[in-house]
Amino acid sequence: MTLHPGRGFAAINYPIGMNLGGDPSQALVHSTPDGKFMVTLSAIDLGQGMKSVTRQIAAEALGIPISDVYVDTADSDTGPHDMGSFASRGTHRMGNAVIRAATEARTQMLEAAAEELEVDAADLVTDGKGNIHVRGAPSRSITVADTAVAAQFKQGRTLAGRGIFLVPLSDVDAETGEMTPVSCFAHAALIIDLTVDDETGVVEVTNINSAYEVGRALNPKLVEQQLIGGAWMGISHALYETTEPNYPDRSHGPEDFNTYLMPGPGEIVPHHISILERPAPDAPYGGKGPGEMCANPVLPAVANAVYNAVGVRCDSLPITPEKILRGLKANGGARPQGQPLNTPGGRR
Amino acid sequence: MAKTPVTFTLNGREAATFVDPAANLLDVLRRGLGDLSPKYGCGQGTCGACTVLIDGEPHLSCVTLAETIEGRTVETTNGLQDSAGLHPLQQAFMDGFAAQCGYCTPGMLMAAKALLDRNPSPSREEVIDAIAGNVCRCTGYEPIVDAILTAARAPRRTG
Amino acid sequence: MAVEFRKDLFADERDDDLNEIGQPIIRQDILGHVTGRSPFYDDHLYDGLLFMRCVRSPHHHARIRSVDAAAAERMPGVIRLIRPQDVPVNLNTLLSLISFGRDDEPLLAEHRVAYKGEPVMAIIATSDRAALDAVARVRVDYEELPHVLDVEDALKPEAPVVNETYPNNTFDYHDRYDHQKLRFGDVEAAFAQADHIVEGEYQMSPIEQAPIETCGAIAAPETNDRYVCHTSTQALFFSLGTTAKLLDMPSSRLHFIGGTVGGGFGGKVDSHHEPMAVLGAMLTGKPVKYMWDRAEEMQVGAPRGGERWRLKDGVMRDGRIIARAFTGFFDAGAYTRLSSYAVQKATGHLPGPYMIPNVASNVYCVYTNRTPSTAMRGFGITAVDFAIECHMDKAAETVGMDPIELRILNAYRDGDMKAHRRAAKNCALIESCQVVAQKSGWPLSAEAMAQSSLFGGGIGERGVIPETVTDQAGQIGERKRSGLAPEPFAGATARGHVPAGTATDHPATGNAPQREDMEIEAERLGFKVTRGASAPGQTPASPMPQPQPAATVAPAAPRPGAGPAMPPAYTAPAPASQQPVAPPASTRPQPTPPTPPAAPAPAPAAEPYKPEQPFQRGVKRPGVSRFISGSRRR
């Protein structure tokens, strides 16, 4: 038995948002009697952090602390229409809608503050800590909370905003495929290190290095969650998962987690991530949703690394020990492909 | 169908209810007693989302007959937080971003609590063993393992 | 796990002086998660809750002769059977909400089942156990029919019809073709000129989304003749609109609550449980839960579909890919769900993040007698990226080139014309490749390290649409009659031509639907408002910087700053000069100069977002469903 080391690379881009557009999202923002702000949505948080990222976006756009913002979602009686959390559209579409709603509420907030301070609203700024003051004169200030109370109980004014974001629907040409699919793309490049056991066909992924370009990490820890978990899912797809192990035959389909295989906590792979941020002009603060694209480069990188290790091309997923052993048999044994070409001593 | 009376200790308080002979503990906890913290993930004993502690040992409540807990002690995530605040595991999961969708979290917490209760200073391998029966689809497990190790290093609470 | 931020890259496009954005703030929902109190749909308790289970087909394809549910109906605890005739509008397609495709799937199958697991009847009982026991007592008399499970078998003339709405076993595109075409340049001529042809076939397996919370919904009558529905859906109004349509009711009578979902990954868009549960509540007047168990989730719940992709590349000795053709098959299973959409999404993604001057694809949405497939993380892209990136390695091996350098050589850059006829912008593939190579100790040449997404794109032929060869092959029904091969141009008896041009040559109508009162404050959105605009082709102002710390630099990698000047052929591979399909210059529209967005993003935040001109040639999809509006009239 020999463990053959292999290294594989893949690079991808990923379209952010529903293909062809035509998928609106709406948001509402209003102040509460104690001077906080409520964001009301119909967006779905299925673990990606929708409630959290829209909260941060609203706080930033309002110019107030995150602790003064709450997100309420998803009740169709109170939250306005949203197409849903899919196609990496949540942050892009809903984030843009929240920016617009928060901007409208902020405008009213500054007007209410201007009335209290007896200044021009255009001269007011927020300090992000809960205060509104005259630009260049921090002492002439009023708190956001006092502003909201004054607006409601003294001025008879609402501090509220509406936002919608809708990318216009694009058609697809029948003859050429001409279309405007999406407006921004995330990127990734990834290198997998693994070993292949030429006696059992078992692959063990030993290391991941990655570079993910996400526009802007609106919350770096939420991005990290996606990238770590997404890479795990990529390895799982590449080496383990299938509902139909004999596809296209439907026999022996797994019906539980004992037969539907996935890597467990014992198969954690060290993952070294670099995050690049090239903000997309039409994305909220430039951020591109990283949730879907993060798994994609792992699959081909694993396949390329297996080839690098033993010279077996597995073009059909998942890459099971059986497929590797059949490939080894066909090749008459392992054929390690060696180091990258530019490496000293590499093939060139 | 005749129901059987069952009396047991749930998170330190006496609980009494009547159960069908075939009822599983998960349903009795959730629908019978309103403790919604254990989750249904498979009903087969293969995912761990329904993990509770029975007399301190982790059990899969979806495949545990409710009748069998007569006179025993059951702990769920609902009872982890006490008057002193969050349990160190809860705090570590929170600070360590060890949950995304949160659905496997109660089961993970109980599997981890069983470990820390009997082994306050586990190795990484022992943590991995302890949660090997709990499936998480979001996190890739690493933040969960790290959070459990962090909780183990946290100052012990008295009481 | 180690995460580093390369804030040094693209720093001149970002304003990082923000308060809350960019902060590692803990999740708003985390306290609920760690205390077990986050309200998932199944955490809403109702007295007298009823449970729904389905009778399912054991066959891949069968005619239903009769259903005998008399014994089931007499079982203890059984409250109500739901038959196909009880569904007010028992035919739907998910994307009817955006008016795409024809209704093709019943909520409950009445005369015919087209996959193993298809529901034919639902039973509501006082307990889950009673409902399951009753399901086991239903006798369905099936006449088995021939079935087809492989996508390419399904295209053959002798294949059985899977879905009567699409009798050719393929979704109809544009009322004309049995596939979606992509045509850019002339791949056939370029293949003839290429030094190497690299071919491959790649197969994606069906994969279960496997959220730990299985799909489900609880519905109950509300006051004012409305129904509340707690749901695990990923798309609240999508499910609400689908329910309104199937149950033939104004959507305003539905009150959907969700948003706290135990994982989705694409599998909770299909909106099957919501109409079932609401129908149960309507017919019983009681709260009803319909939830998949794990076995249903894995075998009845729609998986990521099996996709098959064939690629053919024309590669030059120096590593430039001058042509790439795709043939793709999406295994939709028995009904369309979202596969028709994924075909177009994948088509828009081709040929991957590379500047390839000649591209063609035929992509098919194929019906087979298996569980319908649906969205999953990376929908429409994951499988073709697997194919493309395995294929890039094969191309690199064929020409004896480093695989990362081959990617950088062919990478798309700002201003490059993409195969879907829009200019690339905001690119960062090259930088991603450089960073990961650096940190992994994968040595790259100085030339490769000096490349940039910001420069060299959109120059000359890179920035314009080439004259394009088209064909009319693959008309709806033609393949099933003749057994036509699926590859682009296969069986084409004539060629058409679309003249060269730029993207802006194409007339477009319509403006951003957002009203002008939807304002943003551009200067507060985190963009550097102005940047020195550089002309395309300018040499990089700042080549790829070294990472911090410098210790991770591969020893063999020369310092890029000291690297030699770029050979022109590398900066701009100039595919045009060798492009065999380019028409004589005298007849070609002069592509000078390539118009922005070719240039590096100019002042992105200087004005509110205005989408690039939408492409709406004969669009008949309003994008808003009458079911959503609640004013549906048939």
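In strand β11 of chain C, C:His230 is the bridge partner of C:Ile218, and this pair is a convenient place to enter what is a predicted model. The two residues belong to a longer run of pairing, since 6 bridges join strand β10 (residues 216-222) of chain C to β11(C), with the two strands running antiparallel. β10(C) and β11(C) together form a hairpin with 3 residues between them, and in that turn C:Asn224 has a positive phi of about 60 degrees.

On another side of the pairing pattern, β11(C) is joined to β12(C) by 4 bridges, and here the strands run parallel. C:His230 takes part in this pairing too, standing opposite C:Ile257 in β12(C). The connection between these parallel strands passes through a helix: β11(C), helix α6 (residues 236-246) of chain C and β12(C) make a right-handed β-α-β unit. Because 5 of the 6 residues of strand β11 (residues 226-231) of chain C are buried, the strand is largely enclosed by the rest of the structure.

Following the chain past β12(C) leads to C:Gly258, which lies in the loop between β12 (254-257) and α7 (273-284) of chain C. Is C:Gly258 buried or exposed? C:Gly258 has 29 other C-beta atoms within 10 Å, and because a residue counts as buried from 20 such atoms upward, C:Gly258 is buried. C:Gly258 also leads back to the residue with which this account began, for C:Gly258 and C:His230 are 28 residues apart in sequence but 5.7 Å apart in space, C-alpha to C-alpha. When neighbours within four places in sequence are left aside, the contacts of C:Gly258 include C:Tyr41, C:His230, C:Thr231, C:Ser232, C:Thr233 and C:Leu236 from chain C, and also A:Ile44 and A:Ala74 from chain A.

Those last two contacts lead to the interface of chain A with chain C, in which 128 residues of chain A are in contact with 135 residues of chain C. On the side of chain A that touches chain C, strand β1 (residues 3-15) of chain A gives the most, with 7 residues, and by class that side divides into 62 nonpolar, 38 polar and 28 charged residues. The two chains are also linked by strand pairing, as strand β11 (residues 271-276) of chain A and strand β1 (residues 2-5) of chain C pair in the parallel sense over 4 bridges. Within this pairing, A:Ser274 has C:Glu4 in β1(C) as its bridge partner.

Chain A itself is assigned two domains, domain 1 (3-15 + 183-331) and domain 2 (25-165). The centres of these domains of chain A, taken over C-alpha atoms, are separated by 39 Å, and 11 residues of domain 1 of chain A are in contact with 13 residues of domain 2 of chain A. The side of domain 1 of chain A that touches domain 2 of chain A has 5 nonpolar, 5 polar and 1 charged residues.

Chain A also holds an open sheet of 4 strands in the order β4-β3-β2-β8, with mixed pairing. Its edge strands are β4 (69-72) and β8 (160-165) of chain A, each of which pairs on one side only, and neighbouring strands of the sheet are turned by 20 degrees against each other on average, direction ignored. Strand β2 (residues 25-31) of chain A is joined to β8(A) by 6 bridges in the antiparallel sense, and one detail of this pairing is that A:Leu28 stands opposite A:Arg162 in β8(A). Helix α2 (residues 90-117) of chain A lies across β2, β3 (37-40) and β8 of chain A, and runs at about 150 degrees to β8(A).

Chain B remains to be placed, and 24 residues of chain C are in contact with 31 residues of chain B. Helix α1 (residues 30-35) of chain C gives the most to the side of chain C that touches chain B, with 5 residues, and that side comprises 11 nonpolar, 6 polar and 7 charged residues. Chain B is divided into domain 1 (4-79) and domain 2 (88-153), with 21 Å between the centres of the two domains over C-alpha atoms. Between them, 16 residues of domain 1 of chain B are in contact with 13 residues of domain 2 of chain B. On the side of domain 1 of chain B that touches domain 2 of chain B, β3(B) gives the most, with 3 residues.

Terms used:
Residues numbered from 1 in each chain as written. Chains lettered and ligands numbered in written order. Predicted model: local features only at pLDDT ≥ 70, side-chain atom pairs only at ≥ 80, totals over all residues. Buried ≥ 20, exposed ≤ 12 C-beta atoms within 10 Å, placed from the backbone. Contact = placed C-beta atoms within 7 Å. Domains from an automatic or database assignment. Nonpolar A, V, L, I, M, F, W, Y, C, P; charged D, E, K, R; others polar. Pairing = 2+ DSSP bridges. Right-handed = clockwise from strand over helix to strand, strands pointing away. Axes fitted to C-alpha atoms, helices over the stretch in contact; angles between N-to-C directions.
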